[in-house]
Structure formats: C-alpha cells, structure tokens
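Good morning, and thank you for coming. I should like to take you through one structure, beginning with its charged pairs and ending with its backbone.

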Amino acid sequence: MMNRDLYSDIYYSLRRPEDIAKMAEKTKLDEELMLVIYTQRTVRFATRDYYQIVEMAPSLLRRWKNGEPMVKIARRLNFPPILLGLILMSQDNVGRKRFWKMVREPETITDKRLKSEMIAIRKSDILYSPEGAEVQKQRGIKGEEKLAKWLDEQGIKYRTEADLRGKFPKTPDFLLDEPLDYNGYEIKWIDSKASFGDDIELRKNNRRQFHQYVTLFGKGLVLYWFGYIDDMKSEDSILIGDESILGELEKALSASKKFAN
C-alpha cells in the first residue's frame, strides 16, 4: 500500500522516462514500480491529448519536413514519440500497417532520414515501441504465473480464463472451484493486475471487468502486484489487495484447516 500524498508526488513527477530512476532514488522505492506508474500516467495523458495532437498534425508535419526531428517535436509536446510518428505518417498518407512495419523493420526503409527517424522514435519510446509493449505483456504473464503457482501450492482448485473461454461473457483470471474464506469474506474469483491500483485504474477495471465478475460469480479478490493507494475505496463485493494479502490468506487457510481437524 502507498500513502496518497506520496503517490500524488510520484505520479505528477514522472513526466519523462529519465524521471523514473530519479524518483526511485528519491523515494527509495523499486524502479519497476516507478515504470508501472509512469506507464499508467503516460497512457492516460496520451489518450487525453491524442485528438488535440491530430488537429495539430498539418503544422507538425510541416515542422518535421523542415528538418525538426520527431523525437524533438514529441518532447516539446510531452507526447509518446511512436504515437506522434503514427500521427505524422498518417498525415503524410502512410497507412497504419506500413507505419508499424517501418517501426518493426527500419532496416527495410530506403529513405535515410525516415529510417533514422523510425530508429530514433523506437529507441526513445519505452511504452509504445515493440520492446515496451513486450515488457508490459511479460509483466502481466509473470503476475498470472505467480498467482497460479501460489494457488497450486495451497492446493486450491480453480479454472483459468482459458478454461472458461466461451462459457461466460466475462471471465476473471482464476475462478475458484470452492470459495476461499478470508475472515468471513468469501472469495470466489481472483484477478491478477500487473499495475498499481489508484482511483482511475480501479474505476476503469470496475467498469470493464469487475462488475461483470461480481454479477456472474459473486465476491472476489483483485490483486494489484505493484500495490494500491492505502485509503482507496472499493465496493463490498470486491476485495483489493497487493502481494502481502497472499500471506494473510495462507494464515486464514492454515487456521481453517486446524479448526477442521
């Protein structure tokens, strides 16, 4: 868990990739946590600003054609370089498919400047580049694998999202065969989130997933691997936890087994 004031300081200080290491040093917190919070902040601001940048595309394209590098323009706008490149190339009648091929395979570009620009935006964008997307994907996979390993170690039977695919309109990562009793709270499903739980993230997850899980399966647990704001309010039917809750669940399971014996 994290104090709200500390979280706000971190969130609004992480404006550029180079701020990640600085804030990790300042707060003595893990650098990957800083990257996760930077990712959430950047994606939100990019989503908010996207259409405003699209409206500016004709003038931005003129600046680029006059020699200003894409990375420099992106930095001035505080906007992800890859997304800026996508907007500029679209304005220059380059389709999305071709743009992403240029990003993935810059060595195939014959135009020297364009090739150099694609290499530069890919290198400077730690979120929307193929490498950045892979890091985020692997972070999600790692969280689910850790949770599956823990469930297996506790002897808790479950069905995964893959097992349930096609049977329900929405499925959590793990639907438990038997409810897990946690101090009188019945956990029927668990969802793994490789993100930090703040108010915006929880609202988004509630709207897209958790409300449907509660309607279909009942109460559940959401595990934010990178923590959450300590005073964040969740609904009674959705228990919020970080990695430390697994230790508490182990104690509850152990006590339950002793009582049964």
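Glu117 is buried in this predicted model, because its relative accessible area is 6%, which is under the 20% cut-off for that class. Its partner is Arg113: the two form a salt bridge in which the closest N and O atoms are 3.3 Å apart. Arg113 counts as partly exposed, at 30% relative accessibility. Both residues belong to helix α8, which covers residues 112-124, and they are four residues apart, about one turn of the helix. Elsewhere, salt bridges that share partners connect Arg44, Asp198, Glu201 and Lys204 in one network.

As a general remark, side chains of opposite charge can pair when their charged atoms come close. How many salt bridges does the structure hold? The number is 20. Two further examples deserve attention.

The first example is the salt bridge between the side chains of Asp9 and Lys26, at 3.3 Å from N to O. Asp9 is in helix α1 (residues 4-13) and Lys26 in helix α2 (residues 18-27), so this pair ties together parts that are 17 residues apart in sequence. With regard to solvent, Asp9 is partly exposed, with a relative accessible area of 30%. Lys26 counts as exposed, at 55%.

The second example joins the side chains of Arg139 and Glu32 in a salt bridge of 3.2 Å, again from N to O. Here the pair links distant parts of the chain: Arg139 sits in helix α9 (residues 130-153) and Glu32 in helix α3 (residues 31-55), 107 residues apart. Is Arg139 buried or exposed? Arg139 counts as buried, since its relative accessibility is 10% and the limit for that class is 20%. Glu32, by contrast, is partly exposed, with a relative accessible area of 33%.

Let me turn to charge at the surface. Which residues form a positive surface patch? They are Lys170, Arg203, Arg207 and Arg208. Of these, I will place Arg207, which is located in helix α11, residues 199-217. Arg207 counts as exposed because its relative accessibility is 54%, and exposed means over 50%.

I now move to the overall picture. The protein has 12 helices and five strands. Along the principal axes, its C-alpha atoms fill a box of roughly 80 × 45 × 30 Å. Of the 261 residues in the protein, buried residues make up 44%.

Among the strands, I would draw your attention to β4 and β5. Strand β4 spans residues 220-224, and it runs parallel to β5, with four bridges joining the two. Within this pairing, Val222 stands opposite Ile240 of β5. In a regular strand the side chains alternate between the two faces of the sheet. How does β5, residues 238-241, present its residues? Ile238 and Ile240 point one way, while Leu239 and Gly241 point the other way. All four of these residues are buried.

A buried position among the helices is Leu86, which is found in helix α6, residues 81-91. Leu86 is classed as buried because its relative accessible area is 6%. The C-alpha atoms of Leu86 and Trp100 are separated by 8.2 Å, and these two residues are 14 residues apart along the chain.

The last topic is the backbone. Most residues other than glycine have a negative phi, and most peptide bonds are trans. Where in the chain is Asn93 found? It lies in the loop between α6 and α7, the latter being residues 96-104. Asn93 has a positive phi of about 65°, although it is not a glycine. Asn93 is also exposed, with a relative accessible area of 71%.

Asn183 is another residue other than glycine with a positive phi, in this case near 55°. Its place is in the loop between β2 (174-182) and β3 (185-193). Asn183 is exposed, with a relative accessible area of 68%.

To close, I return to the charged pair with which I began: Arg113 and Glu117 form a salt bridge, and both lie in helix α8. The pair of Arg139 and Glu32, on the other hand, links distant parts of the chain. Thank you for your attention.

Definitions and conventions. Residues numbered from 1 in each chain as written. Predicted model: local features only at pLDDT ≥ 70, side-chain atom pairs only at ≥ 80, totals over all residues. Heavy atoms only, no water. Patch = residues over 30% accessible without salt bridge, like charges linked within 9 Å, V, L, I, M, F, W, Y side chains within 5 Å. Areas by Shrake-Rupley, 256 points an atom, 1.4 Å probe, with all protein chains shown as cover. Salt bridge = Lys/Arg side-chain N within 4 Å of Asp/Glu carboxyl O. Lys, Arg positive; Asp, Glu negative; His and termini not counted. Charge placed at Lys NZ, Arg CZ, Asp CG, Glu CD. Buried < 20%, exposed > 50% of the residue type's maximum accessible area, 1.4 Å probe, protein only. Pairing = 2+ DSSP bridges.
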